[in-house]
Amino acid sequence: MDKLVIHGQRPLKGRVQINGAKNAVLAIVAAACLADDVCIIENIPKIADIDNMLAILRSMNVQTEYLDEHTVRIDSRTMVNCCADSDEVRNMRASYYLLGVLLGRFKYARVSFPGGCDFGVRPIDQHIKGFEALGAEVDAKSIIEIKARELHGTNVFLDVVSVGATINIMLAAVLARGTTVIENAAKEPHVVDTASFLNSMGADSKGAGTDVIRIRGVQKLHGSTYAVIPDQIEAGTYMVAAAITGGDVTVENLIPRHMEAITAKLRESGVKVYEKDDSLRVISEGIRKKPVKIKTLPYPGFPTDMQPQMMAYLSTIPGTSIVNESVYDGHRFRYVEQLKRMGANIDVESHIAIVDGVTELVGTEVEATDLRAGAAMVLAGLAAVGETVVTNIKYIDRGYERMVDKFNNMGAWIERVHENQPIPIHHRERAV
Ligand code: UD1
């Protein structure tokens, strides 16, 4: 496995382009298999999670083909298999969307429990509750097996606001008989994008983006050509990178409305954020930053997937900041131990982190303990004095396209080297 060697304290300057949204694409490429037809999905990010999802689909005899770097043609007319129990399924969170898709299309699914980043317990009881309400029988012991003679529309009230359960119930309901109403639905941009894609295939869903989604089942879905929205979390990561390095960065190809919670917290910390139609310019150079309080919440609240990156930033702002993780439990603070190795001063008490900002972080070897924690280590390394080595970067590859190139194009100095390769000499020389 490769590692990243980062020489820090270089303010980022320039522009960066955001790719398609990972969590939207994962749902959408699975949803494409609901149509017994060809779909063309544009703005697909080149990341490992997508490679895995496409490999899973191919194992079910779906034909997938890249038409260009970011466009995939998905032909599920040949799809035969209703079983998915490979390592790819077990290693990935979004593989749970196969349940909704297979149930919707074939009325039968046999899928391994999903994996993904370890944030503690990540149950799927709300997904199952939704499938059962639609008329399915679910057996979820070592593997999840779901069958239904027929799916019929119903009302489902989610006990917790869950992105995965909302989308999965939508996927199963679009081909059900009658109308399904999902109450207390998640409102994340990727929920809306998945609903828009389903509608582009002939589905009839209304209300995505509010907490009540109504889906009138249709008999058949047709093929569609669809461009996925930009990635809110990738964009947020580069915004915070500009802030933490004292830089001046224009983050392009994003939807400013999706970024409001992140923009608000960066502004509260003193950073200037200027908005244009599809870009945000973050200016942090020469600005004295202030500590802030953050509570992660479902959209439109502050996203839990930006919590580690923000923690890295707050750990460099003198004064006391507070981070309240309310979507997952304190397990999502596991990476804090790595930040502490760089000199961060953070106390974790259950799901609250109290951050006593330090004047500088100091480079050392740290591990990416999950995807967003990995991004946080890179941001900390960009700000730190000296050299930071980030190991276990397979997580970063799961969700960020060409992250090293994007940072280096803005003046960062990051090298990707093989795990066993010594840190390049020229790197050390340039660092003096
Ligand atoms: C998705 C995202 C993930 C993000 C999360 C929250 C994907 C592939 N992953 O994960 O990056 O961190 O949304 O924005 O899109 N819960 C239950 N029962 C359920 C389902 C969820 O109790 O059946 C709980 C979870 O434990 C968590 C909360 O609900 O505490 C939110 O989880 P959910 O929105 O479902 O997250 P994921 O869809 O797994």
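Reader: Hi! Which ligand atom pairs with the side chain of Asp 125, and at what distance?

Author: Hello! In this predicted model, a nitrogen atom of the ligand lies 2.8 Å from an N or O atom in the Asp 125 side chain.

Reader: Nice. And what does Gln 126 offer, backbone or side chain?

Author: Backbone: one of the backbone N or O atoms of Gln 126 is 2.7 Å from an oxygen atom of the ligand. Ser 162 uses its side chain, where an N or O atom sits 2.6 Å from a ligand oxygen atom.

Reader: How much of the ligand does the protein bury?

Author: The protein buries 88% of the 740 Å² that the ligand exposes when taken alone.

Reader: And where does the ligand sit?

Author: In the largest pocket. Two elements, α5 (125–133) and α6 (163–173), are the ones that give two or more residues to the shell around the ligand.

Reader: Which of them gives the largest share?

Author: That would be α5, with 3 residues.

Reader: Let's look at the whole shell. How many residues surround the ligand, and which are the closest?

Author: There are 21, and the closest are Tyr 96, Gln 126, Ser 162, Asp 305 and Val 327.

Reader: How does the shell split by class?

Author: Happy to break that down: 10 residues are nonpolar, 6 are polar and 5 are charged.

Reader: One last thing, on domains. Where does the ligand lie relative to domain 1 and domain 2?

Author: Between them, because domain 1 (2–12 + 289–418) and domain 2 (22–227) both give residues to the shell around the ligand.

Note on methods:
Residues numbered from 1 in each chain as written. Predicted model: local features only at pLDDT ≥ 70, side-chain atom pairs only at ≥ 80, totals over all residues. Heavy atoms only, no water. Near = heavy atom within 4 Å. Polar contact = N/O pair within 3.5 Å; in protein donor to acceptor, adjacent residues only side chain to side chain. Areas by Shrake-Rupley, 256 points an atom, 1.4 Å probe, with all protein chains shown as cover. 1 Å grid on protein atoms, 1.4 Å probe; cavity = no way out; pocket = protein on both sides within 12 Å on 5 of 7 lines; lining within 4 Å. Sits in = over half its atoms within 2 Å of the grid points. Helix = DSSP H or I, 4+ residues; strand = E, 2+ residues; numbered from the N terminus. Nonpolar A, V, L, I, M, F, W, Y, C, P; charged D, E, K, R; others polar. Domains from an automatic or database assignment.
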